[in-house]
Amino acid sequence: MPQRTAEIELRLLLEAIYQKYDYDFREYALTSMKRRVQLAVQQMGTGCISGLQGRVLHDPAAFTELLQYLTIPVSEMFRDPGYFLALRQQVLPVLRTYPSLTVWVAGCSTGEEAYSLAILLREEGLLERSMIYATDINPHSLERARRGIYPLEQVSGYTRNYQEAGGTGAFSDYYVAAYEGALFDKSLREHITFADHSLATDSVFAETQLISCRNVMIYFNKGLQNRALGLFHESLCHRGFLGLGSKETLNFSKFADRFEPVLADEKVYRKL
Amino acid sequence: MNGYRALVLGASAGGVEALLHLLPRLDGLDLPILLVQHLPQDVPSHLAEIFATRLQRPVREAEDKEPLQPSTLYVAPPGYHLCVEADFSLSLSREAAVNFSRPSIDLLFESAAAVFGHQLIGALLTGANEDGAAGLRRIAERGGLTLVQDPQEAVCPAMPQAALKLFTPAHVLSLDAMADFLLRLE
């Protein structure tokens with residue numbers, strides 16, 4: 001039963017990572033976790049998952065390498081433009097009534113969504129009284145997010161997204177070509193705090209009006225999804241907004257009746 | 001009904017026409033059907049709506065963590081891999097493309113094989129690439145039933161042929177014969 005053996009090895013590996021490094025992947029959705037670990041086994045040449053476990057336990061650098069496989073750093077600016085258009089047209093007019101705004105981008109990866117939201121808030125005249133907390137568990141991703149430099153070849157796609165998202169300016173006003181990439185405006189960055197935070201092990205750190213957590217909980221099992229949603233529910237102010245990925249839903253979670261969908265197509269919910 | 005619990009389908013080029021031929025003939029089949037049809041990435045797909053108007057069964061574009069319901073057709077959304085979890089719920093993922101495809105047929109087939117074992121039926125239809133062949137072989141290795149559209153009939157024979165090159169599926173059938181065969185299983 002090689003399937004069964006691999007599953008035992010996988011659970012042991014995740015337990016070892018948790019005990020040694022405090023990263024808790026034990027409640028991630030197993031199907032894709034298994035695949036990512038198997039890819040790491042191949043690329044890191046450890047033969048089997050148990051071999052990988054040995055390497056990772058005895059060599060922190062190997063863990064850092066493995067972490068890049070376990071997290072999925074795929075993101076782009078204004079990804080799913082309809083989502084940002086909906087925030088601009090339906091959500092920000094409500095948030096405008098608050099004296100100050102706290103936004104949480106949970107699972108921010110390399111920061112593209114945080115910068116997109118900062119641009120959106122600036123164009124709606126709200127950035128000066130806003131703070132965006134962008135959190136992730138992967139220190140390498142957070143470091144890249146803090147730099148705010150993205151490959152130039154991506155920028156044309158970002159620009160198209162920005163326009164479809166209802167951008168009111170010229171996207172090129174927000175970056176300069178530098179360091180062989182597009183360096184994003186430092187004044188956006190002043191309103192973003194990039195920080196290490198785990199939805200699996202950490203607790204709420206601020207009261208927020210808007211939380212954006214898109215295509216992060218798809219990698220969690222139902223128990224961990226419920227934990228994360230519990231944090232969001234606790235963090236959000238009365239009638240605060242929660243944005244999910246376009247194929248995610250609260251319907252199959254414990255929190256289905258504690259939020260109401262405001263924009264079903266774009267998966268924007270409001271706390272009840 | 002021989003204990004089968006799900007049917008997984010994979011199709012690429014020429015697939016929509018093939019599915020519009022095959023699926024209405026499977027209206028009597030009570031199994032949940034999970035479908036990966038390759039489409040352009042990240043463009044909203046109307047596939048679920050197209051099938052919904054033509055089929056008796058419920059049709060849904062798959063959402064993350066959705067529990068599998070009998071008789072329902074789940075269509076993988078463009079730009080996401082569709083997989084089955086051990087608790088018989090669906091999961092989506094934005095991981096890198098596999099075989100240049102996202103959704104990838106191989107990933108659906110392999111994850112369903114791991115969960116359903118010999119209680120799974122996999123069918124690979126027309127297509128111009130090789131996605132799905134390895135996944136279908138995995139279904140066979142786990143004791144599931146494997147069907148391939150007759151390459152002679154397929155608009156694009158490459159995908160069925162890739163499976164035939166890799167292993168010997170249980171049956172190579174025209175779409176009509178495949179529908180008759182599946183209905184007789186019940």
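Let me begin with a definition, since the first helix I want to discuss depends on it: a residue is called buried if 20 or more other C-beta atoms lie within 10 Å of its own, and exposed if 12 or fewer do. Please keep in mind throughout that what we are looking at is a predicted model.

With that definition in hand, consider helix α5 of chain B, which covers residues 158-166, and whose buried residues are Met159(B), Pro160(B), Ala162(B) and Ala163(B). When one looks down the axis of α5(B), these buried residues fall within an arc of 155°, so they line one face of the helix. In general, an α-helix has 3.6 residues a turn, so residues three or four places apart point the same way. As for what covers the buried residues of α5(B), the elements include, in chain B, the strands β7 (120-124) and β8 (145-149) together with helix α4 (133-141).

While we are still in chain B, there is a backbone detail to point out, namely that the peptide bond joining Arg102(B) and Pro103(B) is cis, with omega at about 10°. Pro103(B) sits in the loop that runs between β6 (90-93) and α3 (105-116) of that chain.

Let me now turn to chain A and to the packing of its helices. Two packed helices are described by the angle between their axes and the distance between the axes, and I will go through two pairs in that way, both of which involve α4(A).

In the first pair, helix α3 of chain A, residues 49-58, and α4(A) have axes that come within 5 Å and cross at roughly 125°, which makes α3(A) oblique to α4(A). The crossing in which α3(A) passes α4(A) is left-handed. On the α3(A) side the contact is made by Leu52(A), Arg55(A) and Val56(A), and on the α4(A) side by Ala62(A), Phe63(A) and Leu66(A). Sorted by character, the residues of this contact between α3(A) and α4(A) are five nonpolar, no polar and one charged.

In the second pair, the axes of α2(A) and α4(A) come within 9 Å and cross at roughly 135°, and these two helices are therefore also oblique to each other. Here the crossing of α2(A) and α4(A) is right-handed. The residues that meet are Arg36(A), Leu39(A), Ala40(A) and Met44(A) from α2(A), and Glu65(A), Leu66(A), Tyr69(A) and Leu70(A) from α4(A). The contact of α2(A) with α4(A) divides into six nonpolar residues, no polar ones and two charged ones.

Staying with α4(A), which spans residues 60-70, we find Pro60(A) within it. Is Pro60(A) buried or exposed? Because there are 11 C-beta neighbours inside 10 Å, Pro60(A) counts as exposed. The C-alpha atom of Pro60(A) is separated by 9.4 Å from that of Lys20(A), although the two residues are 40 apart along the chain.

Finally, two residues of chain A deserve a look for their backbone angles. Asp22(A), which is not a glycine, has a positive phi of about 70°, and its place is the loop between α1 (2-21) and α2 (30-44). Asp22(A) is exposed, having 10 other C-beta atoms within 10 Å. Ser109(A), again not a glycine, has a positive phi of about 50°, and lies in the loop between β1 (101-106) and α6 (112-123). Ser109(A), however, counts as buried, because 23 C-beta neighbours are found inside 10 Å.

Notes:
Residues numbered from 1 in each chain as written. Chains lettered and ligands numbered in written order. Predicted model: local features only at pLDDT ≥ 70, side-chain atom pairs only at ≥ 80, totals over all residues. Helix = DSSP H or I, 4+ residues; strand = E, 2+ residues; numbered from the N terminus. Arc of directions from axis to C-beta. Contact = placed C-beta atoms within 7 Å. Axes fitted to C-alpha atoms, helices over the stretch in contact; angles between N-to-C directions. Parallel < 35°, antiparallel > 145°, perpendicular 65-115°, else oblique. Left-handed = near helix turned anticlockwise from the far one by under 90°. Nonpolar A, V, L, I, M, F, W, Y, C, P; charged D, E, K, R; others polar.
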